[in-house]
Amino acid sequence: MKTVTLPVAYMPLVDAAPLIVAQEMGFAQTEGIALDLIAAPSWSSVRDMLAFGRVDAAHMLSPVPVAMALGLGGVATPVSAVMVTSVNGDVIGVGRALEARLRATGFGFDFADPRAAARALAQVTDGPLVFGVPFPFSMHVELLHYWFDGTDLGGTKVTIRTVPPPLMAEALAAGDIDAFCVGEPWGSVAVDQGSGALLLPGKAIWSFAPEKVLAVRTDWAETEPHLLRRLMRAVWRAAQWLARPDTRTTAAEILSRKAYLDVPPELIDRALNGRFTISGQAEQREVPRFLEFHDGAANFPWRSQAKWVARRLALRHGLPVAETMARGSEVYRSDLFRAHMPIEADLPGASEKLEGAIPHDTAVASQKGHLTLLADSFFDGAIFDPDLPD
Amino acid sequence: MGAKLTVVVVEEDRDRAIAIVDALKAATDCEVVVIGNSSALARRIAAHEPDIVLIDIDSPTRDMLEELTLASGPLERPVAMFVSNSAGGLAQAAVEAGVSAYVVDGLAPQRIKPVIDTAIARFRMVRQMRTELAETRRALEERKVIDRAKGLLMKAKQIDEDAAYALLRKTAMDQGRRVADVAEALVTASELLR
């Protein structure tokens, strides 16, 4: 088989691991492809490179393909999310000033309870509270809004502003933002630079939030089904490899290389192992499955996940809800996932599920009968039914 | 024809900004404002009510401009990324040249095109110069390391310069590495052993 080189864009983050590992650990080679991994300077540039054909596939924020389908954000090329490459993995943190005010009230930084954290924040905030996020269409934004809506922060004036993670420290110092929600390693970088403290892991708000997807142009998926299949299998096997606890040290070393994240492996290790240093006082917190690459059918692009995102976008941007959910759900390609996955992938019986209905890890009906879905609760106990827009 | 176009260029480097402004003013009748990077970029741009915003595609601050495309964003008028609704390969050309443009919706294509064409040409030139500069700098640095490695070998093995270089090159070829990498390793090792 002749090796075909596929250009792929990614942002240098811990959750780019499935693509990087697919190339570095030979999973791509096994499928007869080589990934030409292009580190992008911004999410808009990832999207543009994919939309205008500079790359064939991209590591993308899970809401971006949905937003593109809805005509939000300027570029409207049809893009398909063929696989979820990571679930969870964001952290919410506060700058030094806010940290000091929280500590003064005796807040314990448990890194677990969203209600308590919101209550404490609302108490110490007098003016508007400004959160920095990496991109306007991101799980970061969705999680923050969901958290504000359901807690004491709902009554506080809260603003979300886009700040590229490398500039987050500067924005905190300049007082442009008070707090942030970012993907790792940026939260840990902020702690180590002394810019702030971590308040919550993203999964405390939604315990199974699709974070990044593998995205391709929809027309490319149609004209190059064989290449797509090879790409998907390589990334899926890399994700499966990453889910093994004994691979984490190796994964951290690979990701830390200059060509990829260019940060010390110890920083990357925190997200992979779920063991965090949350402040300058070296407080340690543990979050099991902080970042999930594979287990619990994590790679399956559930249409109900896309519908959840579409509904939230529709409500915020004033779009018709039912129609928007239908359009948004079409870009999460559970059909292509079923068609292209290797024989060992255990496919769920349905392509939609109630989101938030699984309080504990649960065995479900699947092709081979070995599938366990992981807990996917929202912190407020709500259940999202994809068939009921309201 | 409507009123004069207002173009905002986001560029930190003063010389490059001047070059772009000059080129735009020479090519079209427009008002050009230059803004450096800042963490409040989107709001600073909105204050100028531009028709077109130009930014280097490699700038990490670009994501801040995405807020301009939101209905609830800081710019009252809706904004589209120009590249999405233009025909004729202009989009690809812009992306390849390294410029991205945000354009207020409904602006006539014949008014946009000269601005974008000029920007593409200018950004392409800037990118070329930047690549050249980076390459030259790298070559110079490598030469310095190779010279130091040669010096170390000449002293340690009592050989002349040509022999020292030949030895470096042979080692590089045997190990399938670049001469500069072998030289780098030698210099590092000798510093450790000192």
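**Exercise 1. Decide whether A:R289 is buried or exposed, and describe its backbone.**

*Step 1.* Count the neighbours: A:R289 has 21 other C-beta atoms within 10 Å, so it is buried. The cut-offs are these: a residue is buried if 20 or more other C-beta atoms lie within 10 Å of its own, exposed if 12 or fewer, and partly exposed in between, with C-beta atoms placed from the backbone.

*Step 2.* Find its place. A:R289 lies in the loop between strand 12 (284–286) and strand 13 of chain A. Helices (H or I, at least four residues) and strands (E, at least two) are DSSP runs, numbered from the N terminus.

*Step 3.* Look at phi. For A:R289 this angle is near 50°, a positive value in a residue other than glycine. Most residues other than glycine have a negative phi.

A word on the model before you go on: it is predicted, so local features need pLDDT of at least 70 and side-chain atom pairs count only at pLDDT 80 or more, while totals for chains, interfaces and linings use all residues. Residues are numbered from 1 along each chain as its sequence is written, and chains are lettered from A and ligands numbered from 1 in the order in which they are written.

**Exercise 2. Do the same for B:Q158: is it buried or exposed?**

*Step 1.* B:Q158 has 8 C-beta neighbours inside 10 Å, so it counts as exposed.

*Step 2.* You will find B:Q158 in the loop between helix 5 (109–157) and helix 6 (161–175) of chain B.

*Step 3.* Its phi is positive, about 55°, although B:Q158 is not a glycine.

**Exercise 3. Find the cis peptide bond at A:P185 and place it in the chain.**

*Step 1.* The bond joins A:E184 and A:P185, with omega about 15°. Most peptide bonds are trans.

*Step 2.* A:P185 sits in the loop between strand 8 (179–183) and helix 9 (186–192) of chain A.

**Exercise 4. Work out how strand 8 of chain A is covered and which strands pair with it.**

*Step 1.* Five of the five residues of strand 8 of chain A are buried.

*Step 2.* Sort them by direction: A:A179, A:C181 and A:G183 point one way, and A:F180 and A:V182 the other way. In a regular strand the side chains alternate between the two faces of the sheet.

*Step 3.* Look for partners, remembering that two strands pair if DSSP finds at least two bridges between them. Strand 5 (residues 90–95) of chain A pairs with strand 8 of chain A in the antiparallel sense over five bridges; here A:D90 has A:G183 as its bridge partner. Strand 6 of chain A runs parallel to strand 8 of chain A, joined by two bridges, and A:F131 stands opposite A:A179.

**Exercise 5. Trace the open sheet of six strands in chain A and say what packs on it.**

*Step 1.* The strand order is 2-1-3-10-4-13, with mixed pairing.

*Step 2.* Strand 2 (33–39) and strand 13 (291–292) of chain A stand at the edges, each with a single partner strand, so one side of each is left without a neighbour in the sheet.

*Step 3.* Strand 13 of chain A runs antiparallel to strand 4 (residues 79–88) of chain A, and two bridges join them. Within this pair, A:V87 is opposite A:E292.

*Step 4.* Helix 1 (residues 17–24) of chain A packs on the sheet, touching strand 1 (4–10), strand 2, strand 3 (57–61) and strand 4 of chain A. Its direction makes about 135° with that of strand 2 of chain A. For such angles, axes are lines fitted to C-alpha atoms, for helices over the stretch in contact, and angles run from 0 to 180 degrees between N-to-C directions; two residues are in contact if their C-beta atoms, placed from the backbone, lie within 7 Å.

*Step 5.* Helix 11 of chain A lies across strands including strand 10 (210–217) of chain A, and runs at about 5° to strand 4 of chain A.

**Exercise 6. Which residues have the most contacts inside the largest nonpolar core?**

*Step 1.* A nonpolar core is a set of buried Ala, Val, Leu, Ile, Met, Phe, Trp, Tyr and Cys residues joined through C-beta atoms within 7 Å. The largest one has 174 residues, and A:A58, A:V235 and B:V53 have the most contacts inside it.

*Step 2.* Helix 11 (residues 225–242) of chain A gives the most to this core, with nine residues.

*Step 3.* Leaving aside neighbours within four places in sequence, the contacts of B:V53 include B:V8, B:I45 and B:Y102.
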